Amino acid sequence: MYPDEEREGRRKYLLILGDGMADEPIEALGGQTPLEYAYTPHMDTIAREGRMGLLETVPDGFEPGSDIANLSVLGYDPALYYTGRGPLEAVSMGVELTEDDIAYRCNLVTVRNGVMEDFSSGHISSDEGKLLFESLQEALPEVSLHPGISYRNLLVLHHGRGGRSTPPHDIVGEEIEPYLPQGDDADILRRCMAVSEEVFAGHPVNSGRARRGLPEATSIWPWSGGKTPSIPSFEKMFGLSGGMISAVDLLFGIARSARMELIRVPGATGYLDTDYHGKIRYALDALKRLDFVYVHVEAPDEAGHLGSLEEKVKAIERLDEAIGIALDSFNGIICVLPDHPTPIRLKTHTRDPVPFAIIGKGRDDTRRYSEREAEKGSFGQIRGPDLLPLLFSE
């Protein structure tokens, strides 16, 4: 036990979430899912020495986004607390919204001949994105643009009324026309997109990317707008102190809204090259002062959106290696799970229940960590917001 755990008699809790890690059986893997195919001895230990179940992270009536799913996993019912992805990312970025502001998540995308080629403009760098947004802001003084990490940015409409558009990662390879913004804010959002096409065409950033054979950012794509949510603190909800480790503004936005500690890890990128081991080491260090740490790893989801089976298996195996560090040195309760599936076949999220495993709360007959094995788990199938109450129960 850690010294403060011995003194206070409090358990410590570590939740490790591999974003989009769940999938479906794949013929190329002999009918196995990536989780079943990958070499995951440490996740399998958690399943074998602990208990499993299935978690419904996306309530009826909601799209299977990471915002919805992670709110749900953290114990916040989306039906009560969700207002949109944009405002959560605004909170993370320190962008203060007035009562009349609506914040939209704003991707840098690559569109050719009316088709969405790349929802991330080749995972454009943050520095390149910042330069593009600075130029665009000069051309659009009526809105506020805030560059974020890589392709993930923010557009704020003052006196916004609301609008709808499809997440760009859901329409890769499709004509964009049916998915352009709709609703009260549609006209201004479409104008911002049209202006971005003009500003970005021939921009030095894109000229440089073209010379290097990289996808150009041809326009912006605003989506999932909303007003600032009112979320009770994590400590008020559960009576425990909590921290968040991620490299994604969305997760930091949720955590900041819940007044959790934000733990930033050098080398954490939100992509395939993230520092898996560093995230676990920082989590274990934080657990010396906190009761609960939520470790979010984006890489499996990114591989799923790319449709790369090889990279998804690698991401799962790298995460498993890092989990081994926790199993070797942590004496508390560990939970491992995805937030939603991101099947290789679809390259986007689905709403299917996800497998979760907990070590430190008894054992059942499950033998390895996978979607099908979770169906046998003694926890059964439960709602997302019920996971942490289960985890924290004595």
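**Exercise 1. Locate Pro-232 and list what it touches.**

Step 1. Pro-232 sits in the loop that joins strand 7 (219-226) to helix 10 (234-238). Helices (H or I, at least four residues) and strands (E, at least two) are DSSP runs, numbered from the N terminus. The model is predicted: local features need pLDDT of at least 70, side-chain atom pairs count only at pLDDT 80 or more, and totals for chains, interfaces and linings use all residues. Residues are numbered from 1 along each chain as its sequence is written, and side-chain values use heavy atoms, with hydrogens and water left out.

Step 2. Leaving aside residues up to four places away in sequence, Pro-232 touches Tyr-76, Tyr-81, Met-237, Ala-258 and Arg-259. Contact means heavy atoms within 4.5 Å.

Step 3. Take the pair Pro-232 and Tyr-76: 156 residues separate them in sequence, and their C-alpha atoms are 8.8 Å apart in space.

**Exercise 2. Decide whether Ser-150 is buried or exposed, and name its contacts.**

Step 1. Ser-150 belongs to the loop between strand 5 (144-149) and strand 6.

Step 2. The relative accessible area of Ser-150 is 10%, so Ser-150 is buried. Buried means under 20% relative accessible area, exposed over 50%, and partly exposed in between (1.4 Å probe, protein chains only).

Step 3. Not counting residues up to four places away in sequence, Ser-150 touches Leu-108, His-123, Ile-124, Ser-125 and Ser-126.

**Exercise 3. Describe how helix 13 is covered and how it crosses helix 14.**

Step 1. Of the 8 residues of helix 13, 7 are buried, which leaves the helix mostly covered. The buried residues are Ala-299, Pro-300, Asp-301, Glu-302, Ala-303, Gly-304 and His-305.

Step 2. The cover over these buried residues includes strand 1 (13-18), strand 6 (152-157), helix 12 (276-286), strand 10 (292-297) and helix 14.

Step 3. The axes of helix 13 (residues 299-306) and helix 14 (residues 309-329) come within 8 Å and cross at roughly 170 degrees. Axes are lines fitted to C-alpha atoms, for helices over the stretch in contact, and angles run from 0 to 180 degrees between N-to-C directions. Helix 13 is therefore roughly antiparallel to helix 14 (angles under 35 degrees count as roughly parallel, over 145 as roughly antiparallel, 65 to 115 as roughly perpendicular and the rest as oblique).

Step 4. Helix 13 makes this contact through Ala-299, Pro-300 and Ala-303, and helix 14 through Glu-311, Lys-312 and Ala-315. By class, the contact has 4 nonpolar, no polar and 2 charged residues. Ala, Val, Leu, Ile, Met, Phe, Trp, Tyr, Cys and Pro count as nonpolar, Asp, Glu, Lys and Arg as charged, and the others, Gly among them, as polar.

Step 5. Gly-307 follows helix 13 and has a positive phi, near 70 degrees.

**Exercise 4. Give the volume and lining of the largest cavity.**

Step 1. On a 1 Å grid over the protein atoms alone, a cavity is a set of points where a 1.4 Å probe fits but cannot get out, and lining residues have an atom within 4 Å of a point. Grid points are joined across faces, edges and corners, and a volume is the space filled by probe spheres set on the points.

Step 2. The structure holds 1 cavity of 30 Å³ or more. The largest cavity has a volume of about 110 Å³.

Step 3. It is lined by 15 residues, of which Arg-85, Tyr-151, His-169, Glu-298 and Asp-301 are the closest to its centre. Helix 13 supplies the largest share of the lining, 3 residues.

Step 4. The lining of the largest cavity divides into 4 nonpolar, 4 polar and 7 charged residues.

Conventions. 1 Å grid on protein atoms, 1.4 Å probe; cavity = no way out; pocket = protein on both sides within 12 Å on 5 of 7 lines; lining within 4 Å.
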